[in-house]
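Q: Take me closely through the strand pairing here, then through whatever packs around it. Plain language is fine, but spell out the cut-offs.

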Amino acid sequence: MYIHFPWCRKLCPYCDFAVMVAHHEPPHEAYRDAVVAELAARAAAVEGRRLRSIYLGGGTPGLWRPDCVGDVVAAVLAAAAAPGPDALEITIEVNPTDVTAARLAAWRDAGVNRVSIGVQSFDAAELAALGRDHWAGDGPRAVELALAAGLRSVSADLIAGTPAGLVAAPSSSPPSSSVAAARGAPAASIAALIATGVPHASVYELTIEPRTRFGKLARRGALVPRPDDELAALYEANHRALEAAGLEHYEISSYARPGHRAVHNSLYWSGAEYLGLGAGAASFERRADGGACRPPRPPPGPTGGGPRPPRPDEVVELGADEVAVDRVWLALRTRDGAALAEVAALPGAARLRARLAAEGLAEEVDGRLRPTLRGFLFNDRLARHVVDAADPAGYNRPPTS
Ligand code: SF4
């Protein structure tokens with residue numbers, strides 16, 4: 001179950017998510033009521049379903065009053081077949097400045113057992129370049145408080161590859177990720193992240209999205225993304241440092257100590273069904289014939305009244321063959337990879353397996369096709385091969401040149 005809370009304190013210059021800036025207080029109760037009403041309207045999608053995860057994402061759901069978070073969690077638990085609390089992960093995304101001991105206790109009372117903190121960097125110059133609204137000391141303080149709060153797990157997000165031109169670090173500062181990359185060293189923030197002892201981390205490469213302020217700067221030439229080879233060196237250096245510290249690299253951007261893999265994201269990568277509630281949430285429903293459906297979320301917006309049924313032309317239907325392809329490329333985002341039996345069922349499986357092996361993108365181990373580190377690094381290419389393999393007319397045709 002995914003619950004989207006769209007408000008943020010400010011819009012980060014690289015952010016392309018569905019967010020709204022809350023200049024004052026977000027409409028706590030109105031939004032709670034809208035989400036609970038949407039849940040009631042879609043009750044058939046959750047009744048009797050075994051719930052494994054509730055994920056409050058954003059936006060910044062850390063801004064939502066904890067009693068409203070608790071009301072929404074309670075409504076979901078009443079509607080679905082929830083397992084015992086030990087088997088249910090309930091995550092809230094927060095920013096470092098949202099994290100206080102009192103708020104952690106209130107989130108825990110609301111049922112939350114995992115927080116994901118948008119630290120993004122431990123480096124003051126990078127944080128300023130990224131337009132974040134917190135200081136370098138806020139991230140480690142938030143992680144420390146969260147680790148002391150008795151939650152099941154804590155995660156920290158980092159952004160790697162901030163363009164050098166955006167980072168005006170004084171010479172006495174630790175090296176920014178860009179400078180470190182040139183030396184084949186991990187980002188400066190990786191050592192600081194490891195030092196916190198956080199058991200889960202997501203390290204994302206900064207993506208310059210066209211519709212953002214960074215996108216506009218890039219079009220004007222005022223922001224130049226890092227060269228690909230430098231980003232690749234940084235990715236590999238971050239991988240080596242985090243794995244050496246005992247954090248398993250279990251998905252393209254995700255690292256975890258044993259027992260701390262993210263249940264919620266792992267469900268996405270395994271092709272599990274999910275229901276999304278709130279302003280920008282998507283859903284995924286399996287069909288008895290092996291196909292699936294991605295119903296759009298029903299407008300109007302979060303505070304604009306009750307949902308309406310989606311129009312037929314708004315519903316994305318996937319056939320069983322498309323679902324099979326999606327399952328394989330999603331699984332190949334993870335270190336566990338895809339079962340060879342599932343891969344073998346794709347129309348172009350033999351050529352696909354040979355091509356992935358030849359390009360060093362995946363290897364076959366213990367009955368599974370697993371991405372290599374190179375396969376993580378070039379995962380778009382790997383996924384493209386999987387999708388193309390399902391088009392025998394195109395993919396299996398001998399190359400013409
Ligand atoms: S806090 Fe997160 S969701 Fe909000 S604007 Fe910044 S990057 Fe986007």
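A: Strands count as paired if DSSP finds at least two bridges between them. Strands (E, at least two residues) and helices (H or I, at least four) are DSSP runs, numbered from the N terminus. This is a predicted model, where local features need pLDDT of at least 70 and side-chain atom pairs count only at pLDDT 80 or more, while totals for chains, interfaces and linings use all residues. Residue numbers start from 1 along each chain as its sequence is written.

Let's warm up on the sheet of 3 strands. It is open, runs β12-β13-β14, and its pairing is antiparallel. At its edges sit β12 (285-286) and β14 (316-318), each pairing on one side only. Between β13 (residues 292-294) and β14 there are 3 bridges, in the antiparallel sense. If you want a landmark there, find C293, which stands opposite E317 in β14.

Now for the sheet of 9 strands. Read across, the order is β9-β10-β8-β7-β6-β5-β4-β1-β11; this sheet is open too, and its pairing is mixed. β9 (248-251) and β11 (276-278) have a single partner strand each, so one side of each has no neighbour in the sheet. On average, neighbouring strands here are turned by 25° against each other, ignoring direction.

Start at the β11 edge. Strand β1 (residues 2-5) pairs with β11 over 3 bridges, and the sense is parallel. L277 in β11 is the bridge partner of I3. Moving towards the other edge, β7 and β8 are parallel as well, joined over 6 bridges, with A160 bridged to E205 in β8. Then the direction flips: β8 and β10 pair in the antiparallel sense, over 3 bridges. S202 finds its bridge partner in β10, at S254. In between, take a look at Q120, which lies in strand β6 (residues 114-120). Q120 has a positive phi of about 70°, although it isn't a glycine.

What packs on the sheet? Helix α2 does, touching β1, β4 (53-58) and β5 (89-94), with its direction at about 145° to that of β4. (Angles run from 0 to 180 degrees between N-to-C directions, using axes fitted to C-alpha atoms, for helices over the stretch in contact.) Helix α9 (residues 228-244) lies across β7 (153-160), β8 (200-205), β9 and β10 (254-256), running at about 125° to β9.

The loop between β4 and α2 holds G59. The peptide bond leading from G58 into G59 is cis, with omega near 10°. G58 and G59 also turn up among the residues around the ligand, together with C8, L11, C12, C15, F17, V19, T60, N95 and G118. (Being near a molecule means a C-beta atom, placed from the backbone, within 6 Å of it.) That shell splits into 6 nonpolar, 5 polar and no charged residues. (Ala, Val, Leu, Ile, Met, Phe, Trp, Tyr, Cys and Pro count as nonpolar, Asp, Glu, Lys and Arg as charged, and the others, Gly among them, as polar.)

Back to α2, which has helix partners too. The axes of helix α1 (residues 28-41) and α2 come within 9 Å and cross at roughly 10°. That makes α1 roughly parallel to α2. (Roughly parallel is under 35 degrees, roughly antiparallel over 145, roughly perpendicular 65 to 115, and the rest oblique.) On the α1 side the contact is made by H28, E29, R32, V35, V36 and L39, and on the α2 side by C68, D71, V72, A75, V76 and A79. (Contact means C-beta atoms, placed from the backbone, within 7 Å.) By class, that is 8 nonpolar, 1 polar and 3 charged residues.

α2 (residues 66-79) also packs with helix α3 (residues 101-109), at about 15° and with the axes 8 Å apart, so α2 and α3 are roughly parallel. Here P66, V69 and G70 of α2 meet R103, A106, W107 and D109 of α3. The classes are 4 nonpolar, 1 polar and 2 charged.

One more helix pair rounds this off: α11 (residues 320-331) and α15 (residues 379-389) pack at about 160°, with axes 9 Å apart. They are therefore roughly antiparallel. V325, V328 and W329 of α11 meet A383, V386 and V387 of α15, a contact of 6 nonpolar residues with no polar and no charged ones.

Conventions. Two residues are in contact if their C-beta atoms, placed from the backbone, lie within 7 Å.
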